[in-house]
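Q: Could you take me through one part of this protein up close, in plain words? I'd like to see how some helices and aromatic rings fit together.

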Amino acid sequence: MVPDMTTNGGFEPVFCTVVPPHVLDKLARNDDPALAGPARRTLMRDSELRGRRRVTTEFALAAAPTAKAPSDRPLRTIYDAGHGTALPGTEVRGEGTDPGRDATVNRAFAGLGATFELFLKAYARHSIDGDGLPLDATVHYDENYNNAFWNGEQMVFGDGDGEIFLDFTIPIDVIGHELTHGVTQYTANLTYYGQPGALNESMSDVFGSLIKQYTLGQTAAEADWLIGAGLLAPGVTGKALRSMKEPGSAYDDDVLGKDPQPATMDDYVRTGRDNGGVHINSGIPNHAFYLAATALGGHAWEKAGRIWYDVLTGGELSDRAMFTDFAALTVKAARERFGDGGEELQAVSKAWEQVGVRIP
């Protein structure tokens, strides 16, 4: 059985991290214990959490939230794990309270708000479930934890090891990325394996990038199209975790190795690791979105983002959709929203052609 296979008959939340397993695997094999130790502990913790996620899903052990946020504003709560692993931890900031002295808490709070605002203002979506779901996050998780994740119910942020990764609340697109896994969970519920899993990861990168662009007021031409800029420590030769503009160029480091993401189907990676390469092959649909958005210009959330959102939430996207299926639906969505003769249809069609995804 493929890991975390889903059906549209019901939600199956998956455990989704922002740092791919192949990056942590590379670190865990390093000769320097200061680098290998935190990576090994992070991998072990992620494996344990992934297993727990499947158990709580299968036996319906996860409690549903009892409160709903007002439709036009978020209901955020930030917790502090105190470098432990018990979730959610101690509440340290709630909705309507002023910023405190902990910058990590403040960044997490702001990132949840920015994500809520993008989906509300651009797409009239009320929180990640579309129905005012409260947004919870835990910071200072575990010791030297090199990841951030969405566990189907809340966000969790590690502080990083300080050697390779810094605080995971620093890049707002990481926060947006993980919360978008929640949006996908409540809509298309894309299977977290192979091409559907890569689409799942790509949706999170797309909207994570759009949240950053929206917050900064950037056009597609002004955006850096990087995921996780500011996350890598100063000694690392790299600029981010991933690049939507140039997949495969985010880092090239003696310790981390080289970014393995392909930009086109010519370099598609076939692997059984990382749930069939979900973090690797997501570079292909990521690049297609970048090409479409920059061809259209202006604010990327208004046209390209609107098309991608229509597909994600429109009800026609199968949970086991392949790249060609998704591409065909974006073409259909562009036509339905903007018309046959519009630049939008041409930009989307050409973008998929450029990355080698053939539309049936």
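A: Let's look at two helix pairs and the rings around them. This is a predicted model, where local features need pLDDT of at least 70, side-chain atom pairs count only at pLDDT 80 or more, and totals for chains, interfaces and linings use all residues. Residues are numbered from 1 along each chain as its sequence is written, and side-chain values use heavy atoms, with hydrogens and water left out.

Start with helix H9 (residues 323–338) and helix H10 (residues 343–354); helices here are DSSP runs of H or I with at least four residues, and strands are runs of E with at least two, numbered from the N terminus. The axes of H9 and H10 come within 8 Å and cross at roughly 170°. An axis is a line fitted to C-alpha atoms, for helices over the stretch in contact, and angles run from 0 to 180 degrees between N-to-C directions. H9 and H10 are therefore roughly antiparallel (angles over 145 degrees get that name, under 35 is roughly parallel, 65 to 115 roughly perpendicular, and the rest oblique).

Who touches whom? On the H9 side, it's Phe326, Ala327, Thr330, Val331, Ala334, Arg335 and Phe338, and H10 brings Glu344, Leu345, Val348, Ser349 and Trp352 (contact means heavy atoms within 4.5 Å). Sort the residues of this contact and you get eight nonpolar, two polar and two charged. Here Ala, Val, Leu, Ile, Met, Phe, Trp, Tyr, Cys and Pro count as nonpolar, Asp, Glu, Lys and Arg as charged, and the others, Gly among them, as polar.

Now zoom in on two rings. Those of Phe326 and Trp352 have centres 6.1 Å apart and planes at 75°, so the pair is edge-to-face. Rings of Phe, Tyr and Trp (its six-membered ring) pair if their centres lie within 6.5 Å, with planes under 30 degrees apart called stacked, over 60 edge-to-face and the rest tilted. Phe326 sits in H9 and Trp352 in H10, 26 residues apart. Phe326 is buried, at 0% relative accessible area, and Trp352 is buried at 0% as well (buried is under 20%, exposed over 50%, partly exposed in between, with a 1.4 Å probe and protein chains only).

Phe326 and Trp352 also belong to one aromatic cluster with Trp225, Phe289, Tyr290 and Trp308. That leads to helix H7 (residues 283–296) and helix H8 (residues 304–313), which pack at about 140° with axes 9 Å apart. That angle makes H7 oblique to H8. In this contact, Phe289, Ala293 and Leu296 of H7 meet Ala304, Gly305 and Trp308 of H8.
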